[in-house]
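Work through the exercises below with the sequence and the model open side by side. Try each task before reading its solution.

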Amino acid sequence: SGAETVVQSANSNSAFAVTAPATFDGFTIENATNAGNAAIGLGGNAAANSVSIVNNIFTNNYDAALGVIGDDSEFSNNRVTDSLFRGIEVNSQSQDSVNVNDNLFDNIPDADVVFIAPGDSDVTIDGNTHASGTGNFAALFAVADAEISGNTVLDSSSSAIYLGGGNHGVRVTGNTITGGSTAGGVTIDNSFGQGRNSGIEINGN
């Protein structure tokens, strides 16, 4: 419960490159200015499994707070603010059992949470808050078996939840979506050629 350890990320690199199971707890990571390198990124040819990123602050970074994560991993209780691009982006390979829970996203111009690697499965996005920003809260592509529930989305100028094609078995339940967009609370689309969405459940939002 002491002061956060502050990491000033080098311009050309991620603050942390993950190569093995690890826990990142209690850091402030700020001022990374290199596009293409997330604050926490890939340190090898494959994403490390069993990575926990909890109780951190990511602020004023050019790219996403998280660029890759492996199976059985979590991104929880973090604060991501003033990014110049995205909140987190899981994009390197298919992941199984990833939880994104109880985070605050504020002033993110693109999407807060993006899953874009074909074959991602068993994804839980729960209890997060989108305080402000011009992008989607969550954007999913080619994900199987996902739960998006209990999130609060305030004042977004894009669809709060965007299902961009190729998704199957996605449940969108119990989210609070207010203000902002004329694009709708939930958009189901295939503009990016990922294939049709199927088995989508939208209830109680």
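A salt bridge is counted here when a side-chain nitrogen of Lys or Arg lies within 4 Å of a carboxyl oxygen of Asp or Glu. The model is predicted, and side-chain atom pairs count only at pLDDT 80 or more.

**Exercise 1. Salt bridge between two strands**

Task: Find the salt bridge of Glu147 and state which strands its two residues lie in.

Solution:
- Step 1. The partner of Glu147 is Arg171, with an N to O distance of 2.7 Å. That distance meets the criterion of within 4 Å, so the pair counts as a salt bridge.
- Step 2. Glu147 belongs to strand β17 (residues 143–149) and Arg171 to strand β20 (residues 168–173), so the bridge ties together parts that are 24 residues apart in sequence.
- Step 3. Buried means under 20% relative accessible area and exposed over 50%, with partly exposed in between. Glu147, at 22%, is therefore partly exposed. Arg171 is partly exposed too, at 24%.
- Step 4. The backbones of these strands are also paired: β17 and β20 share five bridges in the parallel sense. Within this pairing, Ala146 has Val170 in β20 as its bridge partner.

**Exercise 2. A salt-bridge network**

Task: Which residues are linked with Arg86 in a network of salt bridges?

Solution:
- Step 1. A search of the whole structure gives four salt bridges.
- Step 2. One of them joins Arg86 to Glu89 at 2.6 Å, N to O. Both of these residues are buried.
- Step 3. Another joins Asp110 to Arg86 at 2.8 Å, N to O. This pair links distant parts of the chain, 24 residues apart: Asp110 is in the loop between β12 (104–106) and β13 (113–115), and Arg86 is in the loop between β9 (79–81) and β10 (88–90).
- Step 4. Arg86 has a relative accessible area of 17% and is therefore buried, whereas Asp110, at 27%, is partly exposed.
- Step 5. Arg86, Glu89 and Asp110 thus form a network of salt bridges.

**Exercise 3. Strand order in the sheet**

Task: Give the order of the eight strands in the open sheet and say which strands stand at the edges.

Solution:
- Step 1. The order is β3-β6-β8-β11-β14-β17-β20-β23, and the pairing is parallel.
- Step 2. β3 (22–25) and β23 (201–203) each have a single partner strand, so one side of each has no neighbour in the sheet.
- Step 3. On average, neighbouring strands are turned by 5° against each other, direction ignored.
- Step 4. At the β3 edge, four bridges join β3 to strand β6 (residues 51–54), and the two run parallel. Thr23 has Ser52 in β6 as its bridge partner.
- Step 5. Further along, strand β14 (residues 120–126) is joined to β17 by six bridges, again parallel. Asp126 stands opposite Ser149 in β17.

**Exercise 4. Nonpolar cores**

Task: Which residues touch the most other members of the largest nonpolar core?

Solution:
- Step 1. The core holds 37 residues, and those with the most contacts to other members are Ile53, Phe58, Phe75, Phe115, Ile125, Phe137 and Leu140.
- Step 2. β17 gives the most to this core, with three residues.
- Step 3. Take Leu140 as an example: leaving aside residues up to four places away in sequence, its contacts include Phe115, Ile125, Ala146, Ile148 and Tyr162.
- Step 4. A second, separate core has five residues, among them Val114, Ala139, Phe141 and Tyr162.

**Exercise 5. Aromatic pairs of Tyr162**

Task: Classify the pairs that Tyr162 forms with Phe141 and with Phe192 as stacked, tilted or edge-to-face.

Solution:
- Step 1. Planes under 30 degrees apart count as stacked, over 60 as edge-to-face, and the rest as tilted.
- Step 2. The rings of Phe141 and Tyr162 have centres 6.0 Å apart and planes at 55°, so this pair is tilted.
- Step 3. The pair of Tyr162 and Phe192 is edge-to-face, with 6.5 Å centre to centre and 90° between the planes.
- Step 4. Tyr162 lies in strand β19 and Phe192 in the loop between β22 (186–188) and β23, so this second pair ties together parts that are 30 residues apart in sequence.
- Step 5. Tyr162 is buried at 12% relative accessible area, whereas Phe192 is exposed at 57%.

Key
Residues numbered from 1 in each chain as written. Predicted model: local features only at pLDDT ≥ 70, side-chain atom pairs only at ≥ 80, totals over all residues. Heavy atoms only, no water. Buried < 20%, exposed > 50% of the residue type's maximum accessible area, 1.4 Å probe, protein only. Pairing = 2+ DSSP bridges. Axes fitted to C-alpha atoms, helices over the stretch in contact; angles between N-to-C directions. Core = buried A, V, L, I, M, F, W, Y, C linked by side-chain atoms within 4.5 Å. Contact = heavy atoms within 4.5 Å.
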